[in-house]
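The following report describes a protein model together with its ligand, moving from the ligand's surroundings to the packing of the protein interior.

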Amino acid sequence: MSEDTLFAKMASGEIPSDEVYSDEEYYAFRDINPQAPTHVLIIPRKPIPKISDAEDGDRALLGGLVLKATEIARREGLEDDGYRLVINCGKQGGQTVYHLHLHILGGRQMNWPPG
Ligand code: AMP
């Protein structure tokens with residue numbers, strides 16, 4: 001049986017998802033329970049469980065993840081009004097899926113502090 005995370009299975013096509021972007025390093029898809037009019041998740045295909053598990057060797061991958069998120073946000077038409085990028089880490093950070101992912105949220109006014 002595969003030990004891939006839910007998100008890795010979505011990236012490999014084993015489980016269907018609403019794809020937004022795909023390349024050799026990253027996969028992006030629409031969140032199943034959107035918290036904003038636009039809610040996209042982007043993952044590195046490399047299965048890093050959480051951001052605190054990232055290592056110095058992941059520097060380029062993480063930089064690329066953020067840049068790719070800005071590219072997707074631009075393509076989703078979020079650039080003019082702005083948007084929010086979020087990474088939840090661990091239990092108190094609100095992380096529920098342990099495959100590193102970055103949330104792209106936009107299309108409404110965001111509040112601060114977050115819940
Ligand atoms: P986090 O709480 O940061 O770990 O975020 C996990 C996100 O994954 C949540 O916003 C969920 O709505 C989303 N999610 C969980 N299962 C799926 C799925 N099958 N397809 C798309 N998004 C999902």
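## Ligand surroundings and protein interior

In this predicted model, a backbone N or O atom of Gly94 lies 2.9 Å from an oxygen atom of the ligand. The polar contacts considered here, that of Gly94 included, are set out below.

| Residue | Protein atom | Ligand atom | Distance |
|---|---|---|---|
| Gly94 | backbone N or O | oxygen | 2.9 Å |
| Asn88 | polar side-chain atom | oxygen | 2.8 Å |
| Ile32 | polar backbone atom | nitrogen | 3.1 Å |

On its own the ligand has 500 Å² of accessible area, and the protein covers 82% of it. Two elements, helix H1 (6–12) and strand E2 (26–30), each give two or more residues to the shell around the ligand, and the largest share, three residues, comes from H1. Sixteen residues surround the ligand, of which Asp31, Asn88, Thr96, His101 and His103 come nearest. Sorted by class, this shell is made up of seven nonpolar, seven polar and two charged residues.

Gln95 is found in the loop between helix H3 (90–93) and E5. Is Gln95 buried or exposed? With a relative accessibility of 6%, Gln95 counts as buried, because the cut-off for that class is under 20%. A polar atom of the Gln95 side chain lies 3.0 Å from the backbone oxygen of Pro49, and a polar atom of that side chain is likewise placed 3.0 Å from the backbone oxygen of Val97. When neighbours within four places in sequence are left aside, Gln95 is in contact with Pro49, Lys50, Asn88, Cys89, Gly90 and His101; of these residues, Asn88 and His101 are also among those that come nearest to the ligand.

In soluble globular proteins, nonpolar side chains tend to be buried together. Here the largest nonpolar core has 16 residues, and those with the most contacts inside it are Ala28, Val40, Ile42, Leu65, Ile72, Leu102 and Ile104. Strand E1 (19–22), E2, strand E3 (38–44), helix H2 (59–75) and strand E5 (102–106) each give two or more residues to this core, with the largest share, five residues, coming from H2. Ala28, again leaving aside its neighbours within four places in sequence, is in contact with Asp18, Glu19, Val20, Tyr21, Val40, Leu41, Ile42 and Ile72. Apart from this core lies another, of eight residues, which includes Phe7, Met10, Phe29 and Leu41.

How values were computed
Residues numbered from 1 in each chain as written. Predicted model: local features only at pLDDT ≥ 70, side-chain atom pairs only at ≥ 80, totals over all residues. Heavy atoms only, no water. Near = heavy atom within 4 Å. Polar contact = N/O pair within 3.5 Å; in protein donor to acceptor, adjacent residues only side chain to side chain. Areas by Shrake-Rupley, 256 points an atom, 1.4 Å probe, with all protein chains shown as cover. Helix = DSSP H or I, 4+ residues; strand = E, 2+ residues; numbered from the N terminus. Nonpolar A, V, L, I, M, F, W, Y, C, P; charged D, E, K, R; others polar. Core = buried A, V, L, I, M, F, W, Y, C linked by side-chain atoms within 4.5 Å. Buried < 20%, exposed > 50% of the residue type's maximum accessible area, 1.4 Å probe, protein only. Contact = heavy atoms within 4.5 Å.
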